[in-house]
Amino acid sequence: MALSHHQILRDVFGYAQFRGPQQDIVEHMVAGRDALVLMPTGGGKSLCYQIPAIARQRLGHGVTIVVSPLIALMHDQVGALHEAGVSAAFLNSTLSGDESYQIEQRMLRGEITLLYAAPERLTTPRFLALLDSLFERGLLSMFAIDEAHCVSQWGHDFRPEYRALTVLHERFAGVPRMALTATADALTREDIVERLQLEDARAFVSSFDRPNIRYTIVEKRDSTLQLLRFIEREHPGDAGIVYCQSRRKVEDMANTLVDAGINALPYHAGLDNKTRQTHQDRFLREEGIVMVATIAFGMGIDKPDVRFVAHLDMPKNIEGYYQETGRAGRDGLPANAWMAYGLQDVVNQRRMIDESPAGEDFKQVMRGKLDALLALAEATNCRRMRLLGYFGEQSQPCGNCDNCLHPPAVWDGTDAARKLLSTVYRIQQMSGMSFGAGHVMDVVRGKTTEKTSQYGHEALSTFGIGAGFSEMQLRGVLRQMIAMGAIHVDGQAFNTLQLTEQSRAVLRGEVPVLLRESAAEKDKRPKRNARLGAVVKAPISLDSEGLLRYSALKAWRAEVARQHNLPAYVIFHDATLAAIAQRAPQSLDDLQGISGIGIKKLEAYAEEVLRVVAIACVT
Ligand code: ADP
Ligand code: ZN
């Protein structure tokens, strides 16, 4: 039995080994059980249902229904299966009535292995009737519910339609079901089990580590310039995603990047459908595009060679951050997750929670989640240890995050914190009202302004007690205290600063306030004279002839992808092309065993690949 699963892995997908728990999951599903699969983005969830679907179809069980919220991506997902020689189809609103009918008939004849559909489609009377017919004939093999966190309001992509999926279990008893997600926090997980009635399902929980992703969180100064430097230094010509919070900022930033010679496109919910689809297609199909987007972009994007994910605004919580950054480096090659973070982010996120119409309990949970993310941003030790710790995983310092690579200098901000707090207190006492961060810092530093005169704050005993601190330092202290809850920013009252219960412990010196040394003075690395775009970079080191072959193979692949109307990586991954370029195969035999070449692709492309390799170094 296990042998045949390996055979499918090798023959259909061209991979030599299962990854992590894939094999156990495959066996569990082929045996007809239920499962909950928690695996990080890029962990290899697709094979966990695709291989059982193929195995079960061969055993005569019929079609596996894949529930996916992503209509815009179904075409490519199905196209990738066709490339591998698997019979797959999708049913969604982009098909004509006749096309849908043809697919339904093929399903009833047991000819389709995997069928993709969105949840709202699945629960229509017509679709349920089709499933009834399949069920009666014993041709309903399995349900795979992808992006299962969509069922939970605790996840970040709540889709009410997912709640209706309980019908599958009630109506088609005994048909094995699996739910898959990359969102692993306990709350969401419990919600998935409960909402989808998966109490008896076995949970497969993978390590959430993505060792090839390097995490970096920098202090926000001029974030545009910081981003440009980051791309210029580390990612010229690479594909990446830049997340911003607002539509307007997305537009502005995309323009800025384009002006700087970077191939950038905007994506947000305010663009019309067609533009969004075009930009998404271009991101998937062309090389080296930087997508500047709100979080509306990204779910289900399985482009393997996204080399960086940058955040210019802080996400709401670690789940969101991890999911978004996880879109980098699915191919396992080095990738960067980079975030610029500042005081304003803390203030904004707190305010959004305070002002949301949700109930107090819900807000409390959201605040807790935000705090965990703030603590990550303020951390002076390994980022990965904290991230994994959040998902319940113990680990050691990783050696591949900013804090591990360049341990930050730490300074004791306790004294500065106390000075800030007592100033907030004195101001409140004198004026009977609160003020914002800028004014408080002016008073602490003894800077005379119109406001300090107007309110007589120059007479305060704390005026100028912190004259020795730079504004940058005080900002850092404030940020940390807001993150700790030792200062509350009142979103209802012009973002004024207020003392909290925890302030007292800091004032009494019971809680130390340790801060990262501000990066302002450090960030003066020499500017490499990188030209943006137009660099041939291979994922492994190749000699000059190897690079020629690699470029030729990429050009060939682009042409094939265009003809098939599919993203290039669906034909072959970069890593596969690089392995071919390195091996310089002269015969079919030489191509054997290269990862990512299954039987179908060998049949379809071997001849052309050999031809491209042969002429690459001659011409
Ligand atoms: P997920 O859906 O969990 O984010 P995918 O299913 O898209 O991840 O897989 C991520 C990448 O890893 C894909 O490019 C896939 O082809 C590759 N992959 C998955 N399983 C294996 C394996 N056993 N060996 C080699 N590559 C694999
Ligand atoms: Zn680390």
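A nonpolar core, as I use the term, is a set of buried Ala, Val, Leu, Ile, Met, Phe, Trp, Tyr and Cys residues joined through side-chain atoms within 4.5 Å. Keep in mind that this is a predicted model.

Cores, then. The largest nonpolar core has 148 residues, and the members that touch the most other members are Leu 115, Leu 131 and Met 178. Among the elements, helix α3, residues 45-58, gives the most to this core, with seven residues.

What does Leu 115 touch, if we leave out residues up to four places away in sequence? There is a run from Val 63 through Thr 64 and Ile 65 to Val 66. Ala 89, Phe 90 and Leu 91 are also in contact with Leu 115, as are Ile 103, Met 107 and Phe 127.

A second core, separate from that one, has 22 residues, including Trp 556, Tyr 605, Val 609 and Leu 610.

Now the empty space. Searching the whole structure gives four cavities of 30 Å³ or more. I will take the second largest, with a volume of about 50 Å³.

Which residues line the second largest cavity? They are Leu 284, Arg 285, Glu 286, Glu 287, Lys 303, Asp 305, Arg 557, Ala 568, Tyr 569 and Asp 574. Two elements, α12 (273-285) and α24 (568-571), give two or more residues to this lining. By class, the lining has seven charged residues, three nonpolar and no polar ones.

Where does the lining come from, in terms of domains? Domain 2 (213-408) and domain 4 (544-618) each supply at least three residues to the second largest cavity.

Key. Residues numbered from 1 in each chain as written. Chains lettered and ligands numbered in written order. Predicted model: local features only at pLDDT ≥ 70, side-chain atom pairs only at ≥ 80, totals over all residues. Heavy atoms only, no water. 1 Å grid on protein atoms, 1.4 Å probe; cavity = no way out; pocket = protein on both sides within 12 Å on 5 of 7 lines; lining within 4 Å. Points joined across faces, edges and corners; volume = space filled by probe spheres on them. Helix = DSSP H or I, 4+ residues; strand = E, 2+ residues; numbered from the N terminus. Nonpolar A, V, L, I, M, F, W, Y, C, P; charged D, E, K, R; others polar. Domains from an automatic or database assignment. Buried < 20%, exposed > 50% of the residue type's maximum accessible area, 1.4 Å probe, protein only. Contact = heavy atoms within 4.5 Å.
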